[in-house]
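I opened my notebook for a friendly look at this one. Here is what I looked up, entry by entry.

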Amino acid sequence: MRVVILDEKSDVDRRAGQILAQQIQTVPDSVLGLATGSTPVGAYNELLRIYEAGEVSFRDCTTFNLDEYVGLPPDHVQSYRHFMQEHLFGKADFEPTQCHLPCPNIAQLDESCEEYEARIDEAGGIDLQLLGIGTDGHIAFNEPGSSLASRTRVKALTQQTRTDNARFFESIDEVPKLAVTMGIATILEAEKILLLATGENKASAVRDTVEGPISASVPATALQLHPKATILLDKPAARLLARKDYYEQVEFIQRELEQNDALNHH
Ligand code: GLP
């Protein structure tokens with residue numbers, strides 16, 4: 001896992017937006033795995049800034065979001081479909097038919113989950129998967145205890161997740177109890193993974209994810225099994241990491257190597 005510690009949240013936003021833009025500039029028909037929550041909003045804003053500067057186009061991209069609440073209509077202000085429209089899709093040249101979110105068909109939930117997996121396969125798999133992290137170490141809506149071999153399915157949300165997400169709703173009673181989510185095995189199949197975590201309230205989940213044993217009790221620890229997973233942190237989120245100095249040293253060497261490599265090509 002590549003651990004990158006930056007000073008502030010705004011640095012994480014900028015770096016993440018640039019990584020996303022670079023992916024699309026290099027492979028214009030990239031398949032992106034996208035995330036919701038408050039964390040990726042800054043990265044999307046940076047990506048939109050790059051788009052507005054005319055340096056990237058999403059015309060040929062395909063996107064798959066991680067998850068969606070069960071029981072909210074797609075135009076509900078808290079549905080993830082609405083979130084993506086507001087924060088990204090509606091502000092740039094995405095092809096709407098190429099932007100996928102799980103679409104929970106209450107009558108046929110199993111079929112809609114299988115269909116989502118099939119669509120990802122048909123698109124050739126995800127090139128770059130963006131992730132946030134819950135305060136309990138969940139990724140997407142893979143709550144603690146989720147099988148590390150799980151695929152897209154319906155999950156009941158924990159009280160912790162519903163409490164954390166209640167800030168977006170009028171009250172906790174309005175937060176749905178179920179969601180459809182990509183599974184951990186689905187996420188691990190992405191070619192590259194970029195996890196963003198900022199703020200003090202993510203520090204213990206980050207420590208467990210990076211330095212704890214791999215365990216279904218902290219679903220994000222599964223990322224330790226991925227060969228190309230990067231975690232971008234601000235200083236408060238990195239606060240509890242025991243090997244912080246080492247990650248900073250490795251990153252310094254890595255940046256130097258990249259710079260030399262860039263020089264060698266000019
Ligand atoms: C929800 C989402 C996750 C997200 C998490 C953290 O549970 N399903 O994908 O990572 O919230 O959200 P935030 O970034 O707002 O802290």
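**Ligand site**

I began with the backbone: an N or O atom of the A140 main chain sits 3.2 Å from a nitrogen atom of the ligand. I kept in mind that this is a predicted model.

Next I asked how much of the ligand the protein buries. Taken alone, the ligand exposes 390 Å², and 95% of that is buried by the protein.

Then I turned to side chains. I found a polar side-chain atom of D67 at 2.8 Å from a nitrogen atom of the ligand. For S38, I noted a side-chain N or O atom 2.6 Å from an oxygen atom of the ligand.

I also listed the surroundings: 13 residues lie around the ligand, and S38, T39, D67, H138 and K202 come nearest. Sorting the shell by class, I got four nonpolar, six polar and three charged residues.

**Helix pair**

My second stop was α2 (residues 41-52) against α3 (residues 80-87). I read an angle of about 40° between these helices, and their axes are 10 Å apart. That angle is neither under 35 degrees nor in the 65 to 115 range, so I filed α2 and α3 as oblique to each other.

Which residues make the contact? On α2 I wrote down V41, Y44 and L48, and on α3 F83, M84 and H87. By class, I have five nonpolar residues, one polar and no charged ones in the contact of α2 with α3.

Terms used: Residues are numbered from 1 along each chain as its sequence is written. This is a predicted model: local features need pLDDT of at least 70, side-chain atom pairs count only at pLDDT 80 or more; totals for chains, interfaces and linings use all residues. Side-chain values use heavy atoms; hydrogens and water are left out. A residue is near a molecule or strand if one of its heavy atoms lies within 4 Å of it. A polar contact is a pair of N or O atoms within 3.5 Å; within protein, one must be able to donate a hydrogen and the other to accept it, and residues adjacent in sequence count only if both atoms are side-chain atoms. Accessible areas come from the Shrake-Rupley method with a 1.4 Å probe; for residues, only the protein chains shown count as cover. Ala, Val, Leu, Ile, Met, Phe, Trp, Tyr, Cys and Pro count as nonpolar, Asp, Glu, Lys and Arg as charged, and the others, Gly among them, as polar. Axes are lines fitted to C-alpha atoms, for helices over the stretch in contact, and angles run from 0 to 180 degrees between N-to-C directions. Helices (H or I, at least four residues) and strands (E, at least two) are DSSP runs, numbered from the N terminus. Angles under 35 degrees count as roughly parallel, over 145 as roughly antiparallel, 65 to 115 as roughly perpendicular and the rest as oblique. Contact means heavy atoms within 4.5 Å.
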